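Here's a walk through a protein with a ligand bound to it. Have the viewer open and turn the model as you read.

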Amino acid sequence: EKGGFDSFMEKEIHEQPAAVRDTLMGRFDEKGNLTLDELKIDDSILRSIDKIIVVACGTAAYAGQVARYAIEHWCRIPTEVELAHEFRYRDPIVNEKTLVVSLSQSGETMDTLMAVRHAQEQGAKVVSICNTTGSTLPRESDAALYTHAGPEIAVASTKAFLSQIAAAYLLGLYLAQLRGNMYKDEIQSVLKELQAMPEKIQAILDNEQQIKDLGIEMKDSDSVLFLGRHVGFPVALEGALKLKEIAYIHAEGFAAGELKHGPIALVEEGQPIFVVVPSPRGRDSLHSKVVSNIQEVRARGAVTIVIAEEGDSTVEPYSNHIIRYPQCPTLLQPLLATVPLQIFACALSGAKGLDVDQPRNLAKSVTVE
Ligand code: M6R
């Protein structure tokens, strides 16, 4: 049932091209226009939304953080991402013009459910992006967008993360289309790029041996850091969470810009640091800032594992290891850059002889508050 893989996690990592393809499938008409028939909320309401709040926990919340960059950019709607268990206790400002988007693989996470109920009591409309058909969150929401990633068995979420990002992006593009924030050809070009992602994810999987070897080589590390900027920041957080969860290694993700505000004090000789580098073809200041961050940590003895776009040679002088991802627009990069981090954690956990699929102290869905 593990399809020849050593763990469900490994199998699910390899299912990601199909998972993303299935998330995108059936959401276009013959002309290639985006159609989200499931979004059963009146267009007039969706046009009047003046704030989006994404509520989720764990990996799903990182998917929300990624989606925020895209939604704000495309729709110009202020978007907050809130851990569901913090949301309720903050006395949040929610009303009929707020769209709450819940993200949940299981659809049964109690904290997320309570956040949704709290928002509904205050008049908000709720869309739930969910992987499990008929689960509680989509049932209680005004609309459900299913990710169609297929069952996720491993406790550590992988394919659900990529599918959540893809689904949230469809939602963002749909709102932009409805509200007239983007030209039709702009939307079509993002959709085309999105549809090219499964093949690009597959290209990373085809080169996984390099990353697996690195995981095995680094199995005795006692601390690993992850840096990223912009959408690379939540990717760094996700990379760190995977390592904590299944390899029991102290791991932290930072916004690379925070380094000099504290975390750089942690860097000493031999400290492994993953750095997620954006495309050099995107906003150049973003790329060059991250390259300077790699230099800064390297100068202090860090072992740098750099995740960079194919053809980006600027990172070479400062990298101990380079992992390549195929060229893609910055906003879509999380769908690629996350994959090596998953493979790394999975291989390292296996090399330590741990139970990759059932890490200690954790349950697949957290149905208590
Ligand atoms: O089922 P959900 O997506 O609501 O679960 C949320 C988190 O519990 C979940 O993502 C958790 O953080 C994973 N174990 C991460 O790998």
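What follows goes from the overall fold down to the contacts around the ligand.

First, keep in mind that you're looking at a predicted model. The chain is built from 14 helices and 10 strands. Its radius of gyration is 20 Å, and the globule rule gives 21 Å for 369 residues, so the chain is about as compact as a globular protein of that length. If you're thinking about a simulation box, the C-alpha atoms take up roughly 55 × 45 × 40 Å along the principal axes.

Now find the ligand. Look for the largest pocket, since that's where the ligand sits. A shell of 13 residues surrounds the ligand. Sorted by class, that shell holds seven polar residues, four nonpolar ones and two charged ones.

Which helices each supply at least two residues of this shell? They are H4, spanning 58-75, and H12, spanning 232-247. H4 gives the largest share, with three residues.

Zoom in on the residues that come nearest to the ligand: Ser-104, Gln-105, Ser-106, Thr-109 and Glu-245. Three of these names come back when you look at polar atoms. At Gln-105 the backbone does the work: one of its polar backbone atoms is 2.6 Å from an oxygen atom of the ligand. With Thr-109 it's the side chain instead, where an N or O atom is 2.5 Å from a ligand oxygen. Glu-245 also uses its side chain, but here the partner is a nitrogen atom of the ligand, 2.6 Å from a polar side-chain atom.

How much of the ligand's accessible area does the protein cover? On its own the ligand has 410 Å² of accessible area, and the protein covers 90% of that.

Key
Residues are numbered from 1 along each chain as its sequence is written. This is a predicted model: local features need pLDDT of at least 70, side-chain atom pairs count only at pLDDT 80 or more; totals for chains, interfaces and linings use all residues. Side-chain values use heavy atoms; hydrogens and water are left out. A residue is near a molecule or strand if one of its heavy atoms lies within 4 Å of it. A polar contact is a pair of N or O atoms within 3.5 Å; within protein, one must be able to donate a hydrogen and the other to accept it, and residues adjacent in sequence count only if both atoms are side-chain atoms. Accessible areas come from the Shrake-Rupley method with a 1.4 Å probe; for residues, only the protein chains shown count as cover. On a 1 Å grid over the protein atoms alone, a cavity is a set of points where a 1.4 Å probe fits but cannot get out, and a pocket is an open set with protein on both sides within 12 Å along at least five of seven lines; lining residues have an atom within 4 Å of a point. A molecule sits in a cavity or pocket if more than half of its atoms lie within 2 Å of its grid points. Helices (H or I, at least four residues) and strands (E, at least two) are DSSP runs, numbered from the N terminus. Ala, Val, Leu, Ile, Met, Phe, Trp, Tyr, Cys and Pro count as nonpolar, Asp, Glu, Lys and Arg as charged, and the others, Gly among them, as polar. The radius of gyration is taken over C-alpha atoms; the globule rule is 2.2 Å times the number of residues to the power 0.38.
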